[in-house]
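Good morning, and thank you for the time. I would like to walk through one structure, moving from a sheet and its helices to the packing of nonpolar residues.

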Amino acid sequence: MKTRIGLLYGGKSAEHKVSLQTALAVNKALDFEKFEIHPIYINTEGQWITGPQLTGPASTVEELIYTSNVTGLSAVQTQLLPVQQKDEPSGFDVIFPLLHGPNGEDGTVQGMLEILNLPYVGNGVLASSAGMDKVIMKNIFAQAGLPQVNYVWYIRSEWEKDEEAAYEKVEEQLGYPCFVKPANLGSSVGISKCTNKDELKAAFVEAFQFDRKIIIEEGVTAREIEIGVLGNDNPECSVAGEIVPKKAFYDYKAKYEDGDTGLIIPAELPEGVYEELHELAIRAFKALDCSGLVRADFFLTKDGKLFMNEVNTMPGFTPFSMFPLLWKHTGVEYPELIEKLVMLAKERYDEKQKIKYTF
């Protein structure tokens with residue numbers, strides 16, 4: 001029998017368009033001889049819309065955007081729940097969340113799927129929520145002893161009480177250049193590089209449009225190195241890749257629109273650096289209790305010092321995305337990567353069923 005997959009994408013997030021591109025790429029890579037694909041689209045208003053079963057891969061994003069069959073969340077939950085009657089087909093075998101950013105990548109949807117007791121691809125509630133919030137993530141990494149650049153953070157109400165104090169703290173503790181980021185977004189949305197106070201002020205305003213919490217990181221002159229991690233309790237790493245942005249930094253447009261960046265895979269690294277990258281990536285993966293997949297991002301300075309930048313618990317699968325390219329160069333082609341993720345989702349689900357809830 002075919003594996004029934006619920007493809008979940010879109011979302012009420014600033015990264016909605018990124019999710020659509022990811023869903024388009026994944027649906028093209030799925031083997032329709034092995035999988036039965038049922039699309040579930042979440043529009044920008046947060047409405048859940050079920051589409052007809054896909055009989056073949058969609059060729060455009062527009063084919064994956066539905067406007068009819070809008071259902072309440074409870075109706076979608078009813079559809080997701082396994083049918084219990086004998087000799088009738090069960091619900092979805094696996095849910096494949098292709099959601100980026102808040103309301104999808106941050107543990108919210110994962111929590112719903114846990115309550116429904118459904119297998120799903122990717123990280124669980126804790127890893128997703130901690131990995132989404134850059135401040136929490138960095139605090140956990142600090143506790144785990146992972147090397148990081150200096151950082152400070154603010155919530156909007158603290159900044160509004162004394163804006164000048166916030167700017168002075170950044171200048172005293174970090175200096176310039178520095179990077180201002182929303183704490184709970186990815187895909188370089190709302191990120192600014194600052195080289196002076198005027199730019200810093202504008203960056204705070206920009207970042208606070210996308211989140212109530214922001215993080216400011218010390219700028220370092222370094223190469224941007226990334227590595228893919230795949231697995232559950234015994235994760236494995238891909239080859240390393242390097243991002244060579246043609247702009248000030250690897251921004252949203254370079255990632256998803258014009259591809260205006262260079263990707264070097266495998267990255268040319270000094271002796272011993274890959275081994276250190278591998279060890280740090282696995283430590284980060286385990287520190288957050290990750291499962292399925294992450295992309296671990298690092299800074300490598302000229303003197304060979306590595307800094308953990310962040311992990312992405314749901315890296316994109318667009319044509320410009322690093323994660324699938326890293327695994328392709330490691331010997332895992334895209335369709336095989338998708339199948340491995342589905343297998344890992346089932347493996348983690350089966351492991352959780354061993355937990356005893358009565359005594």
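What follows is a description of a predicted model.

I begin with the sheet. Four strands make up an open sheet, ordered β6-β9-β7-β8, with antiparallel pairing. At its edges are β6, residues 151-155, and β8, residues 192-194, each of which pairs on one side only. On average, and ignoring direction, neighbouring strands of this sheet are turned by 20 degrees against each other.

Consider next one pair in that order. The strands β6 and β9, the latter covering residues 213-218, run antiparallel and are joined by five bridges. One residue pair may serve as a reference point on the screen: Tyr154 has Ile214 in β9 as its bridge partner.

Two helices accompany the sheet. Helix α7, residues 163-173, lies across β6, β9 and β7, the last of these being residues 178-182. The direction of α7 is at about 170 degrees to β6. Helix α8, residues 197-207, also packs on the sheet, where it touches β6, β7, β8 and β9. The direction of α8 makes about 15 degrees with that of β7.

I turn now to a pair of helices. Helix α1, residues 16-29, packs with helix α12, residues 334-352, at an angle of about 100 degrees, and their axes are 9 Å apart. Because angles of 65 to 115 degrees count as roughly perpendicular, α1 is roughly perpendicular to α12. Which residues make the contact? On α1 they are Ala25, Val26 and Ala29, and on α12 they are Tyr334, Pro335 and Ile338. By class, this contact comprises six nonpolar residues, with no polar and no charged ones.

Finally, the nonpolar cores. The largest has 38 residues, and Leu7, Tyr9, Val26, Leu30, Phe96 and Phe317 are those with the most contacts inside it. Two or more residues each come from β1 (3-10), α1, β2 (35-42), β5 (94-98), α11 (322-330) and α12. Which element gives the most to this core? That is α12, with seven residues.

Leu7 illustrates the packing. Leaving aside residues up to four places away in sequence, Leu7 touches Ala23, Val26, Asn27, Leu30, Ile37, His38, Pro39, Ile40, Phe96 and Leu98. Another core lies apart from the largest one; this further core has 27 residues, including Met137, Ala267, Val273 and Ala296.

That concludes the presentation, and I welcome the discussion.

How values were computed. Residues are numbered from 1 along each chain as its sequence is written. This is a predicted model: local features need pLDDT of at least 70, side-chain atom pairs count only at pLDDT 80 or more; totals for chains, interfaces and linings use all residues. Side-chain values use heavy atoms; hydrogens and water are left out. Two strands pair if DSSP finds at least two bridges between them. Axes are lines fitted to C-alpha atoms, for helices over the stretch in contact, and angles run from 0 to 180 degrees between N-to-C directions. Contact means heavy atoms within 4.5 Å. Angles under 35 degrees count as roughly parallel, over 145 as roughly antiparallel, 65 to 115 as roughly perpendicular and the rest as oblique. Ala, Val, Leu, Ile, Met, Phe, Trp, Tyr, Cys and Pro count as nonpolar, Asp, Glu, Lys and Arg as charged, and the others, Gly among them, as polar. A nonpolar core is a set of buried Ala, Val, Leu, Ile, Met, Phe, Trp, Tyr and Cys residues joined through side-chain atoms within 4.5 Å. Buried means under 20% relative accessible area, exposed over 50%, partly exposed in between (1.4 Å probe, protein chains only).
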